[in-house]
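Please take a careful walk through the structure shown below, moving from single residues to the whole chain and back again.

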Amino acid sequence: NSMAMILSSHPSWKKKRIYNGQLISQAEIDTMLVFSQSIGRSYQGIWIDVNTCPADIYTNQPPFDGPPCVGIVVTVTDVTNAFPPQIGVLQVRFLEAGDVRNDPPQSDPTSARSQPITGTWGIPTPKIRSFT
């Protein structure tokens with residue numbers, strides 16, 4: 001399972017410019033982000049460049065997309081001890097210790113909090129309705 005977080009502006013991380021495909025270890029995620037619900041025992045992340053931000057970042061009237069932006073994709077590799085995070089409930093917050101700032105890094109580290117996650121977890125698994 002993967003979750004994508006789109007940021008509305010290009011950040012720096014650890015006072016360095018991030019780049020597309022830069023990996024983020026679980027320890028780095030734990031220093032950078034806190035989730036309102038458990039996402040699992042093991043996960044990793046990657047920074048991504050998005051050519052065009054999704055329309056709902058800037059407006060609720062598609063097809064007007066915003067400027068390029070950056071995101072983080074967190075992939076959960078072991079869901080042990082985690083309840084499925086709930087759409088409409090799960091939130092994520094940056095921790096100042098994660099040192100995510102504007103670029104060039106002139107501001108204090110962000111502690112921004114997301115809105116509750118939206119979307120779906122994909123196609124549900126098939127269920128047996130009857131057996132004869």
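Leaving out residues up to four places away in sequence, which residues does methionine 32 touch? In this predicted model, methionine 32 touches Trp13, Ile24, Trp47, Ile72, Arg93, Phe94, Leu95, Gly98 and Val100. Met32 is also one of the residues with the most contacts inside the largest nonpolar core, a group of 21 residues in which Leu33, Phe35, Trp47, Ile72 and Val74 share that standing. Several elements contribute to this core, for at least two of its residues come from each of strand S1 (2-7), helix H1 (26-32), strand S5 (33-35), strand S6 (42-50), strand S7 (69-78) and strand S8 (92-94). Of these contributors, S7 gives the most, with four residues.

With the core in mind, the chain as a whole can be set out. The protein chain holds two helices and nine strands, and, read from the N terminus, its elements follow the order β-β-β-β-α-β-β-α-β-β-β. The chain has 132 residues, of which 30% count as buried. When contacts between residues at least 6 apart in sequence are considered, 68% of them join residues at least 24 apart.

Helix H1 offers a residue to look at in detail, namely isoleucine 29. Is isoleucine 29 buried or exposed? Isoleucine 29 counts as buried because its relative accessibility is 1%, and the cut-off for buried is under 20%. Apart from neighbours within four places in sequence, isoleucine 29 is in contact with Ile24, Phe35, Tyr43, Gln44, Gly45 and Val74. Its separation from phenylalanine 94 can be stated in two ways, since the two residues are 65 residues apart in sequence and 9.5 Å apart in space, from C-alpha to C-alpha.

The next feature is a sheet. Strands of a sheet pair through backbone hydrogen bonds, and this pairing may be parallel or antiparallel. Here, three strands form an open sheet in the order S3-S2-S9, and their pairing is antiparallel. Strand S3 (16-17) and strand S9 (100-102) are the edge strands, each of them pairing on one side only. Between strand S2 (residues 11-13) and S3, the antiparallel pairing runs over two bridges, and tryptophan 13 has lysine 16 in S3 as its bridge partner.

Two loop residues deserve a comparison of their backbone and their exposure. Lysine 14 lies in the loop between S2 and S3, and, although it is not a glycine, it has a positive phi of about 55°. Aspartate 99, found in the loop between S8 and S9, is likewise a residue other than glycine with a positive phi, near 55°. Which of the words buried, partly exposed or exposed applies to lysine 14? Lysine 14 is partly exposed, because its relative accessible area is 43%, and that class lies between the cut-offs of 20% and 50%. Aspartate 99, by contrast, is buried, because its relative accessible area is 15%.

The last stop is a pocket, the second largest one, which has a volume of about 190 Å³. Its lining consists of 11 residues, and those that lie nearest its centre are Asn1, Val79, Phe83, Pro84 and Pro85. How many residues of this lining are nonpolar, polar and charged? The lining of the second largest pocket contains nine nonpolar and two polar residues, with no charged residue.

Note on methods:
Residues numbered from 1 in each chain as written. Predicted model: local features only at pLDDT ≥ 70, side-chain atom pairs only at ≥ 80, totals over all residues. Heavy atoms only, no water. 1 Å grid on protein atoms, 1.4 Å probe; cavity = no way out; pocket = protein on both sides within 12 Å on 5 of 7 lines; lining within 4 Å. Points joined across faces, edges and corners; volume = space filled by probe spheres on them. Nonpolar A, V, L, I, M, F, W, Y, C, P; charged D, E, K, R; others polar. Pairing = 2+ DSSP bridges. Core = buried A, V, L, I, M, F, W, Y, C linked by side-chain atoms within 4.5 Å. Buried < 20%, exposed > 50% of the residue type's maximum accessible area, 1.4 Å probe, protein only. Contact = heavy atoms within 4.5 Å.
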